[in-house]
Amino acid sequence: MNSSGRTAAAPLIQCRGLTKTYGADNAVDNLSFSVPAGTITGFIGANGAGKTTTMRMLLGLAAPTSGTALIHGQPYRDLVDPRCRVGAVLDGPGAHPRHTARTHLRILATAAGVPRSRVEEVLDMVELSRDAGKRVGRFSLGMRQRLALAGALLGDPQVLMLDEPVNGLDPRGILWMRELLRELAGAGRAILVSSHLLTELGEVADRLVIIDHGRLVADATTAELSAGGRSLEDVYFELAGSLGDTGRGASGKKVAS
């Protein structure tokens, strides 16, 4: 059973020895972790640590140099109806600024073979129903984040991958996002959330995966990492230091589990 009281289930997201090399540099270096159904995993690392590259490999947008990136036990390219198996937010909604939110989602729904009725459902889920007739070009950053999440939820996927989902949200919006993610995980979804807001991840994530220079330095429950009253910020700065060639964190202790 995980820290939220939910029973652990089979992983729907898996990285196994995942490596991505650009020239002489390893953007991702022998990375292994998993995200079971019914859980939220926080994905933490500095800019350039390899978080986005990892997500891109999971979504079939970049090919691994070695290792495997699996969703539902398969590479993304092998999934049947992938938009109904996994929803992702990496770079905002990708909507034409002159389209309304509703039009944008209807286009996505048609491409995914999703009934139009689902558009109104996801607009309601992300609290954009009243603004659905506005052009996306007039949206605030927070509203764009909500629209991107609506697009990810269109196919009612079991897997969600979200990069900085609370970026641009006000305090009420952050609380709303926290509650929605918990509700989605409680319904059996596997959710991978990348964020720089460590305190926020500590509030919502069952487990935290920390990487540094593409390598895993910690994979543990939120409760384990914050044991003894330590803040997640302190834990992060202790662990995510220079790895050198040893696979060890800044403290010199091997911290991957």
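Start by selecting Cys84: at 27% relative accessibility, Cys84 counts as partly exposed, a class that lies between buried (under 20% relative accessible area) and exposed (over 50%), with a 1.4 Å probe and protein chains only. Now pick Cys15, which is buried with a relative accessible area of 3%. How many disulfides are there? The count comes to zero, where a disulfide is a pair of cysteine sulfur atoms within 2.5 Å.

A word on what is loaded in your viewer. This is a predicted model, in which local features need pLDDT of at least 70 and side-chain atom pairs count only at pLDDT 80 or more, while totals for chains, interfaces and linings use all residues. Residues are numbered from 1 along each chain as its sequence is written, and side-chain values use heavy atoms, with hydrogens and water left out.

**Stop 1: helix H1**

Select residues 51-58, which form helix H1. Helices here are DSSP runs of H or I with at least four residues, strands are runs of E with at least two, and both are numbered from the N terminus. Is this helix enclosed or open? Six of its eight residues are buried, so H1 is largely enclosed by the rest of the structure. To see them, colour Lys51, Thr53, Thr54, Met55, Met57 and Leu58. Then step just past H1 to Gly60, which takes a positive phi of about 75°.

**Stop 2: H2 against H3**

Next, show helix H2 and helix H3 (residues 117-125) together. Two packed helices are described by the angle between their axes and the distance between the axes. For H2 and H3, the angle is about 130° and the axes are 9 Å apart. Axes are lines fitted to C-alpha atoms, for helices over the stretch in contact, and angles run from 0 to 180 degrees between N-to-C directions. H2 and H3 are therefore oblique to each other; angles under 35 degrees count as roughly parallel, over 145 as roughly antiparallel, 65 to 115 as roughly perpendicular and the rest as oblique. Their crossing is right-handed, meaning that the near helix is turned clockwise from the far one by less than a right angle.

Which residues of H2 and H3 meet? On the H2 side, show Arg102, Leu105, Arg106 and Ala109; on the H3 side, Val119, Glu120, Val122 and Leu123. Contact means heavy atoms within 4.5 Å. By class, this contact of H2 with H3 has five nonpolar, no polar and three charged residues. Here Ala, Val, Leu, Ile, Met, Phe, Trp, Tyr, Cys and Pro count as nonpolar, Asp, Glu, Lys and Arg as charged, and the others, Gly among them, as polar.

**Stop 3: H2 against H4**

Keep H2 (residues 101-112) on screen and add helix H4 (residues 141-153). These two pack at an angle of about 25°, with their axes 10 Å apart, which makes H2 roughly parallel to H4. The H2 and H4 crossing is right-handed. Select Ala101, His104, Leu105 and Leu108 in H2, which meet Leu147, Ala150 and Gly151 in H4. The residues of this contact of H2 with H4 divide into five nonpolar, two polar and no charged.

Before leaving H4, click on Gln145, which is found in this helix. Gln145 is buried, with a relative accessible area of 9%. Setting aside residues up to four places away in sequence, Gln145 touches Glu164, Pro165, Val166 and Asn167.

**Stop 4: H4 against H5**

Now bring in helix H5 (residues 171-186), which packs with H4 at an angle of about 10°, the axes being 13 Å apart. That makes H4 roughly parallel to H5. From H4, show Arg146, Leu149 and Leu153; from H5, show Arg172, Gly173, Trp176, Met177, Leu180 and Leu184, which they meet. The contact of H4 with H5 has six nonpolar, one polar and two charged residues.

Ile174 is also in H5. Leaving aside neighbours within four places in sequence, Ile174 is in contact with Val166, Leu169 and Glu200. Try a distance from Ile174 to Gly142: they are 32 residues apart in sequence and 9.7 Å apart in space, C-alpha to C-alpha.

**Stop 5: two aspartates in loops**

Most residues other than glycine have a negative phi. Asp81 has a positive phi of about 50° although it is not a glycine. Find Asp81 in the loop between strand E4 (66-71) and strand E5 (86-89), where at 52% relative accessibility Asp81 counts as exposed.

End at Asp156, in the loop between H4 and strand E6 (159-163). Asp156 has a positive phi of about 50°, and is partly exposed, with a relative accessible area of 43%.
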